[in-house]
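Work through these exercises with the model open in a viewer. Try each task before reading its solution.

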Amino acid sequence: MNRVAEKHKVRAKLLPESVLLEGALDALEKATGTTAHILEWEHTLAGGKADAVLELIKDQKKLRYIVEVKPTLPAAALGPAVAQLQRFKKPGMLVTRYITPPMAERLKELKVAFIDTAGNAYINAPGFFVYTTGRKAPEPDEKAHRVKAFRPTGLQVIFALLCLPELIKAPYRDIAKAADVALGTVNWVMYDLRRLNYLVERGKLGRKLVNAHGLLDAWVTVYAQQLRPKLYIGRFRAPDPDWWRNVDWKKFNAFLGGEPAAAKLTDYLKPETATVYTAGDVNPFLLKYHLKKDAAGDVELIKAFWNFDYPWNYQQVAPPLLVYADLLATAKDRNIETGKIIYEQYLARLVREG
């Protein structure tokens, strides 16, 4: 069956997301008897641009889904992927290469539809139920290209550009300073962003980020997988769960992130884990606030990786993009809900096209 409308055939042949989606739809039909049509690629909604719109058909019942394609879906990427779908405010589906049985169960708990290229799937709507899991993962694509812009230092550059939209027009040296990276790193990040259609050169008008909301979603997903683990210092136990409310953040060159930062910004969340970003020596900070090393502790310390002052009134708090990423990385329902508030209040304006 030809699922793709005539005007979209070229795209389906060229882009890896299209190849992955077609493979997942073939696997779904073989495993469950459910057929599908791709109605539209790159569908634009109020919450951003989705990869595609699908129509599923089983036993004469039809369903329509907004689709997000993710080449991989590790645990750290689950929260960002779910939040991205929820912003569209329409029935959504995740499509990826392979969903493990534990991940399938978690997505089912979150009531998020999914399909993968092995034939694993979860679809639950009135009169339409599919749940298959445990099917074997397909062989990985050895030729998959890893974009340099989404390596750790590249992520630092993208973070600076998303936080400070006017920085995109600045000299490369200024961008490198704000991102705390080498000048050469900015060169290859800009090359990749142009190649991936996130950046356009406008001559005398300067550079401009395009599809910034898509770049933000990509950054949030990859940050949790690539950059955050490299910056992670460790977990600690605090004697008092509210210790972070009376910290002299400026003195210790540190910033509040994650759940307590979200609590300050929204008054919507009761923090369980305190995330702290520090650019200085951590030992005086640990001694001052009696934080003891504990792998199961309620405090996590992470190295700060930016070199700019974010333009807002919460100087003791990490930039809101980082708070948002920390929340989604937990994949907890309440944190994802709080993340949506932060996105609407602090991030949507940064990625608004115009």
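**Exercise 1. Aromatic pairs**

How many aromatic pairs does the count come to? Then describe the pair of Tyr-122 and Tyr-131.

Solution.
- Step 1. The model is predicted. The count comes to 23 aromatic pairs.
- Step 2. Tyr-122 and Tyr-131 form one aromatic pair, with centres 5.7 Å apart. Their planes make an angle of 85 degrees.
- Step 3. Edge-to-face requires an angle over 60 degrees. The Tyr-122 and Tyr-131 pair is therefore edge-to-face.
- Step 4. Check burial. Tyr-122 has a relative accessibility of 5% and counts as buried. Tyr-131 is partly exposed, at a relative accessible area of 25%.
- Step 5. Look at the face of Tyr-131. Lys-108 lies over it, 5.3 Å from the ring centre.

**Exercise 2. Rings elsewhere**

Which residues do ring pairs link into a cluster? Which ring has the charged end of Arg-334 over it?

Solution.
- Step 1. Trace the ring pairs. The cluster holds Phe-159, Trp-219, Tyr-223, Phe-255, Tyr-277, Phe-305, Trp-306 and Phe-308.
- Step 2. Turn to Arg-334. Its charged end sits over the ring of Tyr-268, 3.8 Å from the centre.

**Exercise 3. The sheet around E6**

Place strand E6 (residues 121-125) in its sheet. In what order do the seven strands of the open sheet run?

Solution.
- Step 1. The order is E1-E2-E3-E4-E5-E6-E7, with mixed pairing.
- Step 2. Find the edges. E1 and E7 each have a single partner strand, so one side of each lacks a neighbour in the sheet.
- Step 3. Take the twist. Neighbouring strands of this sheet are turned by 30 degrees against each other on average, direction ignored.
- Step 4. Pair E6 with E5 (residues 113-116). The two run antiparallel and are joined by two bridges. Phe-114 stands opposite Tyr-122 here.
- Step 5. Inspect that turn. The hairpin of E5 and E6 has four residues between the strands, and Gly-119 has a positive phi of about 100 degrees.
- Step 6. Pair E6 with E7 (residues 128-132). Five bridges join these antiparallel strands. Ala-121 has Thr-132 as its bridge partner. Tyr-122 stands opposite Tyr-131.
- Step 7. Inspect the second turn. Two residues separate E6 and E7 in their hairpin, and Gly-127 takes a positive phi near 75 degrees.
- Step 8. Judge the burial of E6. Four of its five residues are buried, so the rest of the structure largely encloses the strand.

**Exercise 4. A helix across the sheet, and an edge residue**

Which strands does helix H3 (residues 75-87) lie across? Is Trp-41 buried or exposed?

Solution.
- Step 1. H3 lies across strand E3 (61-70) and strand E4 (92-96). H3 runs at about 130 degrees to E3.
- Step 2. Locate Trp-41. This residue is in strand E1 (residues 35-45).
- Step 3. Apply the cut-off. Trp-41 has a relative accessible area of 4%. Buried means under 20%, so Trp-41 is buried.
- Step 4. Set the scale. Trp-41 and Phe-236 are 195 residues apart along the chain, and 46 Å separates their C-alpha atoms.

**Exercise 5. Helix H11 and Asp-326**

How many of the 11 residues of helix H11 (residues 320-330) are buried? What does Asp-326 touch?

Solution.
- Step 1. Nine of the 11 are buried, and H11 is mostly covered. Among them are Pro-320, Tyr-324 and Leu-328.
- Step 2. Asp-326 belongs to H11. Its relative accessible area is 4%, so Asp-326 is buried.
- Step 3. List its contacts, not counting residues up to four places away in sequence. They are Tyr-223, Arg-228, Gly-257, Gly-258, Thr-275 and Tyr-277.
- Step 4. Step past the helix. Ala-331 follows H11 and has a positive phi, near 60 degrees.

**Exercise 6. Confidence**

Which element has the lowest mean pLDDT, and which the highest?

Solution.
- Step 1. Start with the chain. Its mean pLDDT is 88, and 93% of its residues reach 70 or more.
- Step 2. Rank the elements. Helix H1 (residues 9-14) has the lowest mean, 34, and strand E14 (residues 299-303) the highest, 97.
- Step 3. Check the start of the chain. Over residues 1-15 pLDDT stays under 50. For this stretch the model has 24 contacts beyond four places in sequence.

Key
Residues are numbered from 1 along each chain as its sequence is written. This is a predicted model: local features need pLDDT of at least 70, side-chain atom pairs count only at pLDDT 80 or more; totals for chains, interfaces and linings use all residues. Side-chain values use heavy atoms; hydrogens and water are left out. Buried means under 20% relative accessible area, exposed over 50%, partly exposed in between (1.4 Å probe, protein chains only). pLDDT is the predictor's confidence in each residue, from 0 to 100. Contact means heavy atoms within 4.5 Å. Rings of Phe, Tyr and Trp (its six-membered ring) pair if their centres lie within 6.5 Å; planes under 30 degrees apart count as stacked, over 60 as edge-to-face and the rest as tilted. A charge sits over a ring if NZ of Lys or CZ of Arg is within 6 Å of the ring centre and within 35 degrees of the ring normal. Two strands pair if DSSP finds at least two bridges between them. Axes are lines fitted to C-alpha atoms, for helices over the stretch in contact, and angles run from 0 to 180 degrees between N-to-C directions.
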